[in-house]
Amino acid sequence: MAEISSSASQFHSSEPELREAQIYSNANFSDLAVVEHLPHAGPYSACDDEIPTIDYSLLFSHNHNQQLHALQCLRHACHEFGFFYLVNHSIPNEVFDNILKGVSDFFNQTTLDEKMIFSKKSPSDRIRWELNSSAGENREYLKVVAHPQYHFPSNPSGFSKSLEEYEKEMRRVVIGLARAVSKTLGFEEQFVEKALKLKSGFDVIALNLYPPNAKSKGAVGLSEHTDPGFIITLVQDADGGFQILSHKGKWINVYIPHRAILIQLGDQLEILTNGMYKSHVHRVIVGNNKVQRISVVGVHGPPLDKLISPSTNFIDEEHPKKYREMAYKEFLELNGDDEVDVHSSLDQTRLV
Ligand SMILES: O=C(O)CCC(=O)C(=O)O
Ligand SMILES: [Fe+2]
């Protein structure tokens with residue numbers, strides 16, 4: 001792929017009240033068709049700027065020119081945006097249908113006692129359920145470590161199989177993206193996979209349920225943050241207040257096309273590329289939502305013991321090293337969080 005780039009450096013231009021769990025999850029939201037909206041506060045407004053769309057199949061096209069063009073589009077999306085919609089990814093429709101139904105059944109049909117089995121027990125939890133209903137966060141979630149060992153709740157029946165299938169399909173796509181991203185950086189296709197040791201990587205799937213505004217304690221579903229890892233995959237049952245802060249400092253509304261995956265670049269890719277491919281701040285605003293929203297978020301990272309630092313290929317006089325080396329585990333735990341939380345500490349790794 002010499003035409004894509006001859007070297008990397010040329011791109012440098014650049015407590016919840018538990019009772020509320022029942023109320024959140026088990027309410028019949030069809031009764032809520034006519035509700036008074038919370039005011040959509042000014043600070044949370046966003047615009048409808050375009051978000052790039054990448055055709056996954058073309059990244060591997062046997063037609064050289066087609067593949068080259070697709071890789072150029074991917075490079076532009078990674079460099080100028082840091083997020084994009086992925087279409088033609090070849091994940092069967094039923095994999096999406098099954099996971100979204102499984103998540104909905106978990107939140108809406110399992111009892112509070114069943115969910116509380118997964119509330120925080122220890123820092124090494126591999127499954128974690130939590131309900132946050134406060135001005136800062138209005139979200140019920142279940143996080144499971146899905147790789148290298150796969151963890152799952154046994155209820156509702158069939159859910160674990162759907163989750164396992166989803167993770168398997170998504171990993172295939174993520175590894176494919178790692179190869180394509182490597183080419184966009186001017187390297188051989190194994191570059192990212194090897195640098196982040198993705199084959200034995202630590203993956204967490206976060207299953208999120210956001211209440212309709214009538215059930216929330218404010219406009220914020222999930223506050224501003226970036227996510228760790230190589231990339232983050234997101235699918236959802238409905239649009240509803242997901243916003244990303246662009247390179248240009250503008251909040252952008254995300255409307256994910258049907259069956260598409262929203263891809264966001266993660267913190268470890270930003271570190272590896274010494275800031276060339278950036279992870280982006282995003283948030284969820286539920287202030288305008290009439291109904292609940294479900295999302296399935298995959299945080300695909302390196303193994304916990306892998307030290308991540310900027311590759312020397314991205315460092316020169318003009319581009320000094322911008323991040324310090326840190327093991328992924330340390331990165332995840334630096335702010336007192338647990339591995340399963342998959343919270344960022346990107347700011348603490350910055351050198352300049
Ligand atoms: O649920 C969403 O739309 C976003 C969730 C998110 O950003 C996360 O789980 O890190
Ligand atoms: Fe996130």
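A residue counts as buried if 20 or more other C-beta atoms lie within 10 Å of its own. That criterion underlies much of this briefing on a predicted model. By it, both faces of strand β12 are covered. The strand also contributes to the shell around ligand 1, and the UniProt record places a "domain: Fe2OG dioxygenase" annotation, from an unreviewed entry, over residues 201-302.

**The annotated region**

- Within residues 201-302, strand accounts for 43% of the chain and helix for 6%.
- The C-alpha atoms at the two ends of residues 201-302 are 4 Å apart.

**Strand β12 and its partners**

- Eight of the eight residues of β12 are buried, so the strand is largely enclosed by the rest of the structure.
- One side of β12 carries Arg-293, Ser-295, Val-297 and Val-299, while Ile-294, Val-296, Gly-298 and His-300 lie on the other, and all of them are buried.
- β5 pairs with β12 in the antiparallel sense, over eight bridges; here Leu-207 stands opposite Val-296.
- β7, which spans residues 231-236, is also paired with β12 in the antiparallel sense, over six bridges; in this pairing Thr-233 stands opposite Gly-298.

**The surroundings of ligand 1**

- The residues around ligand 1 are Ala-206, Asn-208, Leu-222, Asp-227, Leu-234, Phe-242, His-282, Val-284, Ser-295 and Val-297.
- The elements giving two or more residues to this shell are β5 (203-210), β11 and β12 (293-300).
- By character, six residues of the shell are nonpolar, three are polar and one is charged.
- Two members of the shell, Ser-295 and Val-297, belong to one side of β12 and are buried.

**Helix α3**

- α3 consists of 17 residues, and the distance from its first C-alpha to its last is 23 Å, close to the 24 Å expected at 1.5 Å a residue.
- The buried residues of α3 are Phe-96, Ile-99, Leu-100, Gly-102, Val-103, Phe-106 and Phe-107.
- Seen down the helix axis, the buried residues of α3 fall within an arc of 155°, so they line one face of the helix.
- An α-helix has 3.6 residues a turn, so residues three or four places apart point the same way.
- On the other side of α3, Asn-93, Glu-94 and Asp-97 are exposed.

**Cis peptide bonds**

- His-147 and Pro-148 are joined by a cis peptide bond, with omega about 5°.
- Another cis peptide bond joins Asn-155 and Pro-156, where omega is about -10°.
- Pro-148 is placed in the loop between β4 (138-147) and α5 (159-184), and Pro-156 likewise lies in the loop between β4 and α5.

**Positive phi angles outside glycine**

- Ser-90 has a positive phi of about 70° although it is not a glycine. Its place is the loop between β2 (83-87) and α3 (93-109).
- Ser-90 has 10 other C-beta atoms within 10 Å, and because a residue with 12 or fewer counts as exposed, Ser-90 is exposed.
- Asn-274, also not a glycine, has a positive phi of about 50°. This residue is found in the loop between α7 (267-272) and β11 (282-285).
- In contrast to the exposed Ser-90, Asn-274 is buried, because 23 other C-beta atoms lie within 10 Å.

Terms used: Residues numbered from 1 in each chain as written. Chains lettered and ligands numbered in written order. Predicted model: local features only at pLDDT ≥ 70, side-chain atom pairs only at ≥ 80, totals over all residues. UniProt positions renumbered as here; feature names shortened; annotations may be inferred. Near = placed C-beta within 6 Å. Nonpolar A, V, L, I, M, F, W, Y, C, P; charged D, E, K, R; others polar. Pairing = 2+ DSSP bridges. Expected span 1.5 Å × (residues − 1). Arc of directions from axis to C-beta.
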